[in-house]
Amino acid sequence: MAFKNEGADFRSQSHFTNEMSRFVGDEVASFSNNETAAGAVDDMAEKAVRVSYEKTKSKHKDIKAQRKDIASQIKTQEKFLKEEKAEYVKAKQELQDKKDMLEAKMKSQGASKEFKEEKAKIKEQERFLNDKASNIETKELKLNEKRAEKKDVKKKENKERKKQSAKLNVANMLKAKKGISNEVGGIGGVTGDAFEDGKSGLVGTFLQYINPFYYLKKLLAYLGSLLVPYVLIFATIAIVLVMIIALLFDALSPAIAVHDAIEKFVSNFTDDNTFVNTSLSEDKINEIIEKANCDETQEKVLRFALSKVGYPYSQDYRTSGNYYDCSSLAYYA
């Protein structure tokens, strides 16, 4: 390697990045006279590898979906096959019990036409059960084929995942190498400090992947993508509720206004839910009688009635002179 052949000096006054930069610089010069040629080649190679990585990623995703679909089919087939086997075992046992009973009857009672017909029915059921057993066997073979297919797809999935991981690692390596090549070629200054010189190169990539905030940002971005739909749903529900409340308030506001008006009107006549005696003044009574244009007898009746305005209503105490009801007021007047 050129790095060894150059005889790097690692004494205390020499920095490792100086020797590494010199090595990459020699590699850059081997491509062309342009010192950034290696960086350009690395950039092109990185882009090509990333395109291939995306294709592999998409293919891996399709194979994974195919494997899940096959696994779902296997699960369904296993469920139905298990039920069918249970039914077959139960039917076979019932048929065997019938055969045993028939044989016992034939031994004790002898052969008869009735027993022959029943025996023929049992043979027919046996043929049906044999067909069912053959059908179950065929389904088991198909199920095993599905299981084998799942294994093959699983192998393909693992193979594509390994390809995907390898291509991603190669792309990251080319990215880091491109950063160092560009710095050595003059795009970035070299200070001799590994952390300063390597921020956009290999050291920068390494520092990025060991930085806990890098993973924290990815986690927050992932959580944000999960929470955004729920936040939108909550906001939509809140807006709808606000609109419904506004419509209800707008619809009920006339009723509230009527209620307030009635309450205000009633408050003029009540105090702590007890009617207040509000009598007419003498001037008011005279004014009403003057407008009534009545004779002397009518005036006495009307004046007496008007003088009792504001007295409390009661049927029990209507003869006391302090309470009146309709009939007592008319009677006394």
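Which residues form one aromatic cluster? Tyr-311, Tyr-324, Tyr-331 and Tyr-332 do, and we will come back to them after a walk through the rest of the chain.

First, a word on what you are looking at. This is a predicted model, in which local features need pLDDT of at least 70 and side-chain atom pairs count only at pLDDT 80 or more, while totals for chains, interfaces and linings use all residues. Residues are numbered from 1 along each chain as its sequence is written, and side-chain values use heavy atoms, with hydrogens and water left out.

Let us start with the overall plan. The chain has 10 helices and two strands; here helices (H or I, at least four residues) and strands (E, at least two) are DSSP runs, numbered from the N terminus. Reading from the N terminus on, the order of elements is α-α-α-α-α-α-α-β-β-α-α-α. Of the 333 residues in the chain, 18% are buried. Buried means under 20% relative accessible area, exposed means over 50%, and partly exposed is in between, using a 1.4 Å probe and protein chains only. Contacts tell you about the fold too, where contact means heavy atoms within 4.5 Å. Among contacts between residues at least 6 apart in sequence, 58% join residues at least 24 apart.

Now find helix α3, which covers residues 37-109, and helix α4, which covers residues 113-184. A good place to begin is Ile-70, which lies in α3. Is Ile-70 buried or exposed? Ile-70 is buried, because its relative accessible area is 2%. Not counting residues up to four places away in sequence, Ile-70 touches Lys-146, Glu-149, Lys-150 and Val-153. One of these partners, Lys-146, is 76 residues from Ile-70 in sequence, yet the two are 7.1 Å apart in space, C-alpha to C-alpha.

Turn next to Lys-146 itself, which lies in helix α4. Leaving aside its neighbours within four places in sequence, Lys-146 is in contact with Ile-70, Gln-73, Ile-74 and Gln-77. With Gln-73 there is also a side-chain polar contact of 2.7 Å. A polar contact is a pair of N or O atoms within 3.5 Å; within protein, one must be able to donate a hydrogen and the other to accept it, and residues adjacent in sequence count only if both atoms are side-chain atoms.

Further along α4 you meet Glu-157. Glu-157 counts as buried because its relative accessible area is 3%. Its contacts, again leaving aside neighbours within four places in sequence, are His-60, Ile-63, Lys-64 and Arg-67. Ser-165 lies in α4 as well, but Ser-165 is partly exposed, at 38% relative accessibility. Ser-165 and Lys-57 are 108 residues apart in sequence and 9.2 Å apart in space, C-alpha to C-alpha. Another α4 residue is Lys-119, which is partly exposed at 41% relative accessibility. Between Lys-119 and Lys-98 there are 9.3 Å in space, C-alpha to C-alpha, and the two are 21 residues apart in sequence.

Let us move on to helices α8 (residues 282-292) and α9 (residues 296-307). Helix α9 has 12 residues and reaches 16 Å from its first C-alpha to its last, close to the 16 Å expected at 1.5 Å a residue; the expected span is 1.5 Å times one less than the number of residues. At the start of α9, a side-chain oxygen of Asp-295 comes to within 3.3 Å of the backbone nitrogen of Thr-297. The two helices pack at an angle of about 145°, with their axes 10 Å apart. The contact involves several residues, including Ile-285 and Ile-289 of α8 and Leu-302 and Leu-306 of α9.

Finally, back to the tyrosines. Rings of Phe, Tyr and Trp (its six-membered ring) pair if their centres lie within 6.5 Å; planes under 30 degrees apart count as stacked, over 60 as edge-to-face and the rest as tilted. By this rule there are four aromatic pairs. Tyr-324 and Tyr-332 make an edge-to-face pair, 6.3 Å centre to centre with 85° between the planes. Tyr-331 and Tyr-332 are edge-to-face too, at 5.3 Å centre to centre and 75° between the planes. Tyr-324 is buried at 9% relative accessibility, Tyr-332 is partly exposed at 39%, and Tyr-331 is exposed at 66%.

How values were computed:
Axes fitted to C-alpha atoms, helices over the stretch in contact; angles between N-to-C directions.
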